[in-house]
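User: Could you take a close look at the salt bridges in this model for me? I would like to know which charged side chains pair up and how exposed they are.

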Amino acid sequence: MKYMIMLYGSQQDYDVLSGKPGDQQPWRDEDVAAMHAFMEKWNNDLVESGEFVDAQGLSAPVHARRIELRDGVPVVTDGPYPETQEVLAGYTIVECDSFDRATEIAARLAGTPHPKDTELAHEWYVDVRPIMEGYGDLEA
């Protein structure tokens, strides 16, 4: 079965990682390098185990557009969205034996390094969801 592990972030997270000044101290180059090394090892471990299918990071929310229907008319809003703090920042698709195994894989992301002298701007979380492979998967 395939599962999607969805990682979330905010515009502030993207700004901090890219070194833009803001409410939080920008990450030092070595902190960004440590996070990238962690993620690279996490992905490589999945490739080696044969569970890796795909992974992509998404651009910052400032580059996004939301299209919603208002009174029957599509309305386009450029990001970031003030009503939404966290957005999908990237995903990894794994193929493994069980939901428990996919959850175990995702839980390893809790060890992602961040600068010791900073606090996370929000609670960390990822979502894990089975990927539908047929109409029967629509049943709850």
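Analyst: Happy to! R28 is partly exposed, at a relative accessible area of 37%, where partly exposed is the range between buried (under 20% relative accessible area) and exposed (over 50%), using a 1.4 Å probe and protein chains only. Its partner in a salt bridge is D31, with 3.2 Å between the closest N and O atoms. D31, by contrast, is buried, at 13%. A salt bridge here means that a side-chain nitrogen of Lys or Arg sits within 4 Å of a carboxyl oxygen of Asp or Glu. By this rule there are eight salt bridges.

Please keep in mind that this is a predicted model: local features need pLDDT of at least 70, side-chain atom pairs count only at pLDDT 80 or more, and totals for chains, interfaces and linings use all residues. Residues are numbered from 1 along each chain as its sequence is written, and side-chain values use heavy atoms, leaving out hydrogens and water.

Another pair is E51 with R101, whose closest N and O atoms are 2.8 Å apart. E51 lies in the loop between α2 (29–49) and β2 (52–57), while R101 belongs to helix α3 (residues 99–107), so this salt bridge ties together parts that are 50 residues apart in sequence. Helices (H or I, at least four residues) and strands (E, at least two) are DSSP runs, numbered from the N terminus. E51 is buried, with a relative accessible area of 10%, whereas R101 is partly exposed at 23%.

R101 also meets the side chain of E104 in a salt bridge, at 2.5 Å from N to O. Both residues sit in helix α3, three residues apart, so about one helical turn separates them. E104 counts as partly exposed, with 47% relative accessibility. Elsewhere, R28, E30 and D31 are joined into one network by salt bridges that share partners.

For a look away from these charged pairs, try T92, which lies in strand β5 (residues 87–95). T92 counts as buried, at 3% relative accessibility. Leaving aside residues up to four places away in sequence, T92 touches Y3, M4, I5, L7, W42, N43, L46, F52, D54 and A55, a contact being heavy atoms within 4.5 Å.
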